[in-house]
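This report walks through the strand pairing and a few chosen residues of a single chain. The sequence and the model come first, and the discussion follows.

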Amino acid sequence: MADFNFNENMSVIFDKLENFLKTKTVVGEPIKIGETTLVPFINLSFGLGTGGGTGTDDKGMGGAGGGGGTGARISPTAVLVIQGDKVELLPIKKAGGLDKLLDLVPGIIEKINEAKEEKVEKKIEDKTE
């Protein structure tokens, strides 16, 4: 039976988190819609845990075990709107922030849906070729 190595498990978990938690995780990829550029800001929270141990029962049978896990929550917090020389940061959770974003970028929903449809169509074309 393989031994549980706490340090090795923690090292692997933190290596994976280091790759995950980069600047792009908090500041999203810019989205260009016409003459407007949107840069999403994201709130990330996470938790992790690991544990293990060895032991012997009353009959002298030994054993070892271990485990680990992580959980994460990602939610949008704000959008940076760049229109020419005008730059504005709009909080998503604050009342009116999303409404103001929609006012600043007319047709944003339609353009996002069109971009999604084009992406899906491209994937379908790529699969059929």
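## A pairing to begin with

Which residue in β3 is the bridge partner of F41? In this predicted model, the residue of β3 that bridges to F41 is A78. The two strands concerned are β2, covering residues 36-56, and β3, covering residues 62-83, and they run antiparallel with 21 bridges joining them.

## Overall layout and confidence

The chain holds four helices and four strands, and read from the N terminus its elements follow the order α-α-β-β-β-β-α-α. Of the 129 residues in the chain, 17% are buried. The chain exposes about 9,700 Å², and 56% of that area is supplied by carbon and sulfur atoms. Among contacts with a separation of 6 or more, 47% are between residues 24 or more positions apart.

Confidence should be kept in view when reading the details that follow. The mean pLDDT of the chain is 76, with 76% of the residues reaching 70 or more. Taken element by element, the lowest mean pLDDT, 61, belongs to helix α3 (residues 97-104), while the highest, 86, belongs to strand β4.

## The sheet and its hairpins

The four strands make up an open sheet in the order β1-β2-β3-β4, and the pairing is antiparallel. Its edge strands are β1 (31-33) and β4, each of which pairs on one side only. Averaged over the sheet and with direction ignored, neighbouring strands are turned by 25° against each other.

Following the sheet from the β1 side, β1 and β2 pair in the antiparallel sense over three bridges, and I33 has T36 in β2 as its bridge partner. Then comes the pairing of β2 with β3, with its 21 bridges; these strands form a hairpin with five residues between them, and in the turn G60 has a positive phi of about 85°. From β3 the sheet continues to β4 (residues 86-91), to which β3 is joined by six bridges in an antiparallel arrangement. That pair also forms a hairpin, here with two residues between the strands, and G84 in the turn has a positive phi of about 65°. Within the β3-β4 pairing, Q83 stands opposite K86 in β4, and I82 has V87 in β4 as its bridge partner.

## Three residues in the strands

Is T37, a residue of strand β2, buried or exposed? T37 has a relative accessible area of 17%, and it is therefore counted as buried, since the cut-off for that class is under 20%. Once neighbours within four places in sequence are set aside, the residues in contact with T37 are P30, I31, K32, L80, V81 and I82.

G47 is also found in strand β2, and its relative accessibility is 35%, so that G47 counts as partly exposed. Leaving out neighbours within four places in sequence, G47 is in contact with G69, T70 and G71. The C-alpha atoms of G47 and G69 are separated by 8.5 Å, although the two residues are 22 residues apart along the chain.

V87 has its place in strand β4, and because its relative accessibility is 53%, V87 counts as exposed, the cut-off for that class being over 50%. Not counting residues up to four places away in sequence, V87 touches L80, V81 and I82. These residues are also among those in contact with T37. The C-alpha atoms of V87 and T37, which are 50 residues apart along the chain, are separated by 9.6 Å.

## Reading the pieces together

Taken together, the pairings describe an open sheet of four strands, in which β2 and β3 share 21 bridges, β3 and β4 share six, and β1 and β2 share three. Along with these pairings, the sampled residues cover three classes of accessibility: T37 is buried, G47 is partly exposed and V87 is exposed.

Technical notes
Residues numbered from 1 in each chain as written. Predicted model: local features only at pLDDT ≥ 70, side-chain atom pairs only at ≥ 80, totals over all residues. Heavy atoms only, no water. Pairing = 2+ DSSP bridges. Buried < 20%, exposed > 50% of the residue type's maximum accessible area, 1.4 Å probe, protein only. Contact = heavy atoms within 4.5 Å. Areas by Shrake-Rupley, 256 points an atom, 1.4 Å probe, with all protein chains shown as cover. Axes fitted to C-alpha atoms, helices over the stretch in contact; angles between N-to-C directions. pLDDT = per-residue confidence, 0-100.
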